[in-house]
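Here is a friendly walk through one protein structure for someone meeting it for the first time. Take a look at the sequence and the model, then read on.

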Amino acid sequence: MADDSRTGQTEDRRRVVFVGGLDDGRRTVEVLLAHPRVDLVGAFVLDDAAGAGVSGFRTFDDLVRPPVLRTISRIRDHVDEIRNLHPDVVFVVGFSQIIPRALLEVPPLGVIGFHSAVLPGRRGCSPLIWAVVDGLTETGVTMFYMDAGIDTGDVIGTRSFPLEPEDYAADVLRKADDATIDLLEAHLDGVLDGTAPRTEQDGAASTYTRKRTPADGEIDWSRPAQEIVNLVRALAPPYPGAHTFGGDGVPILIERARAAPELALPRPRPLPGDPMRRRVLCVVAHPDDEVLGVGGTLALHAEAGGDVTVLIMSEGEQEKLESTPRCQTRRECAVEAARRLGVGEVVFHDFPDQRLDGVPFIQLIKAVEAALTTYRPTAVYTHHNGDANTDHQVVFKAVYAACRPMTPLGAAVERFLTFETPSSTDQAPQISGYVFNPTTFVDVEPVWDRKLKALECYPTEMIGGRHPRSFDYIEALARVRGGHSGYLFAEAFVPIRERVGGRTSL
């Protein structure tokens with residue numbers, strides 16, 4: 001074989017420089033050292049100070065010795081040193097620093113990198129962590145020629161592997177390391193010969209993952225259980241772990257978790273910051289109005305740990321048509337419906353049914369004010385002021401008067417919303433001043449069955465066929481409101497007032 005005057009070695013051997021660290025980097029060095037055509041002339045790895053901040057940092061002292069081993073803090077400070085080694089090819093494995101353009105131009109056979117995703121998808125930082133966090137069932141490793149872009153160079157080859165539900169970070173890293181070594185062994189001779197495949201990436205198909213920050217490790221307990229488990233799996237050792245905080249603010253690391261829907265445990269404690277965890281007062285004219293209009297939302301408030309009270313102004317039976325079924329136990333029906341929704345208390349008044357406009361208005365206001373004084377709600381729900389039912393209109397006016405913001409009682413009310421009642425709101429004239437035009441929507445899909453079970457407590461009020469108080473109509477209305485807001489089932493509201501910040505009382 002011809003002699004290479006520069007190196008004194010046969011031209012069949014190649015001068016190789018390694019840049020990197022971690023377990024896959026160590027295994028790469030082992031492969032390079034064992035290959036008969038590789039002359040490893042330099043191994044640039046992080047020094048102890050720089051490596052202290054890298055998850056999974058490993059030393060290389062037992063594999064290579066100085067002067068081949070060079071410990072560094074920043075690769076860009078060693079470009080001239082690498083150039084003076086006259087490498088034919090540079091391998092970068094387990095190294096997160098950007099390779100400077102000046103170094104990319106040094107080796108004639110290129111700088112070869114490995115990315116822990118199947119390019120062009122998921123270019124960028126922390127791809128394995130995000131693959132687990134995002135719930136992927138498969139990912140892989142790409143061997144490629146590095147260029148000045150971020151993971152944009154021509155692809156040599158890829159290896160995919162499954163992500164099993166029981167895989168934690170160490171398991172995923174091990175699979176990625178195995179895929180890296182498989183690719184290296186499959187293509188090393190081609191790289192040394194300059195005959196390895198080069199497939200240009202489709203830039204239009206590219207996606208990127210961002211750099212992980214410590215804040216990404218905080219568990220959001222409002223997320224679905226499997227998402228939380230995925231975060232714990234993704235950040236398990238050798239990564240720093242997912243974290244939460246105790247009541248004293250001390251961080252708690254969680255390294256293993258599983259979703260356990262089979263366990264029959266007490267209901268979870270409500271989250272302190274849950275916007276549904278409020279003191280709620282719902283004021284309605286008749287029993288059943290509360291479930292028809294706002295039943296799902298009341299159930300969500302109760303589920304979040306809110307204190308929910310329903311104030312019913314009239315018994316709702318006296319002025320029914322003779323042909324309309326009557327219910328002698330309508331109060332009992334209201335109490336049972338409240339129990340099914342999780343409502344804490346139902347307060348009844350005996351103002352005359354369908355004749356609230358004949359009651360001295362101050363009496364109605366004082367009834368609402370008494371409830372405001374007792375329960376101190378921060379959220380109030382009542383009828384839409386444009387409803388066809390006159391009792392509904394009167395109740396709205398009384399609630400509005402009692403919740404005036406420049407009074408001590410009204411100042412405590414942060415949210416004041418009106419809801420729609422099937423067979424009343426929809427029967428009002430569709431002209432200005434009457435039209436219900438909602439801009440606030442609540443996702444009630446999680447409690448939809450509870451709303452239906454509460455409606456079943458009012459058998460004489462639920463009417464079949466085309467009537468608005470049929471189960472079919474009520475579901476159709478919820479689907480329409482869901483369509484307006486991006487939910488499956490929603491309840492809709494017209495906000496009268498919402499107060500943010502400032503004092504809550506005068």
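What follows covers salt bridges, a pair of packed helices and some backbone oddities.

First, some ground rules: this is a predicted model, where local features need pLDDT of at least 70, side-chain atom pairs count only at pLDDT 80 or more, and totals for chains, interfaces and linings use all residues. Residues are numbered from 1 along each chain as its sequence is written, and side-chain values use heavy atoms, with hydrogens and water left out.

**Salt bridges**

Side chains of opposite charge can pair when their charged atoms come close. How many salt bridges are there? The count comes to 27, taking a salt bridge as a side-chain nitrogen of Lys or Arg within 4 Å of a carboxyl oxygen of Asp or Glu.

Here are three of the pairs, with the closest N to O distance and the relative accessible area of each partner. Buried means under 20% relative accessible area, exposed over 50%, and partly exposed in between (1.4 Å probe, protein chains only).

| Pair | N to O distance | Acidic partner | Arg partner |
|---|---|---|---|
| Arg122 and Asp134 | 2.8 Å | Asp134, 45%, partly exposed | Arg122, 18%, buried |
| Asp171 and Arg174 | 2.8 Å | Asp171, 25%, partly exposed | Arg174, 46%, partly exposed |
| Glu461 and Arg469 | 4.0 Å | Glu461, 5%, buried | Arg469, 16%, buried |

Take the salt bridge between Arg122 and Asp134. Arg122 sits in the loop between β5 (111-115) and β6 (123-124), while Asp134 sits in the loop between α5 (127-133) and β7 (138-145), so the pair ties together parts that are 12 residues apart in sequence. Helices (H or I, at least four residues) and strands (E, at least two) are DSSP runs, numbered from the N terminus.

Asp171 and Arg174 both belong to helix α6 (residues 169-193), where being three residues apart separates them by about one helical turn. There is also a network of salt bridges, which links Asp12, Arg37, Asp189 and Asp193.

**Two helices that pack**

Two packed helices are described by the angle between their axes and the distance between the axes. Helix α10 (residues 361-375) and helix α11 (residues 390-402) pack at about 55°, with axes 8 Å apart. The axes are lines fitted to C-alpha atoms, for helices over the stretch in contact, and angles run from 0 to 180 degrees between N-to-C directions. Angles under 35 degrees count as roughly parallel, over 145 as roughly antiparallel, 65 to 115 as roughly perpendicular and the rest as oblique, and α10 and α11 are therefore oblique to each other.

Which residues make the contact (heavy atoms within 4.5 Å)? From α10 come Phe361, Leu364, Ile365, Val368, Glu369 and Leu372, and they meet Val394, Lys397, Ala398, Val399, Ala401 and Ala402 in α11. These residues divide into 10 nonpolar, no polar and two charged. Here Ala, Val, Leu, Ile, Met, Phe, Trp, Tyr, Cys and Pro count as nonpolar, Asp, Glu, Lys and Arg as charged, and the others, Gly among them, as polar.

**Backbone oddities**

The peptide bond from Pro66 to Pro67 is cis, with omega near 10°, and Pro67 is in the loop between α2 (48-51) and β3 (69-72). Another cis peptide bond joins Leu119 and Pro120, with omega about 15°; Pro120 lies in the loop between β5 and β6.

His86 is not a glycine, yet has a positive phi of about 50°. His86 is in the loop between α3 (79-83) and β4 (89-93) and is partly exposed at 39%. Asp151, also not a glycine, has a positive phi of about 60°. Asp151 lies in the loop between β7 and β8 (155-162) and is buried at 13%.

Conventions. Contact means heavy atoms within 4.5 Å.
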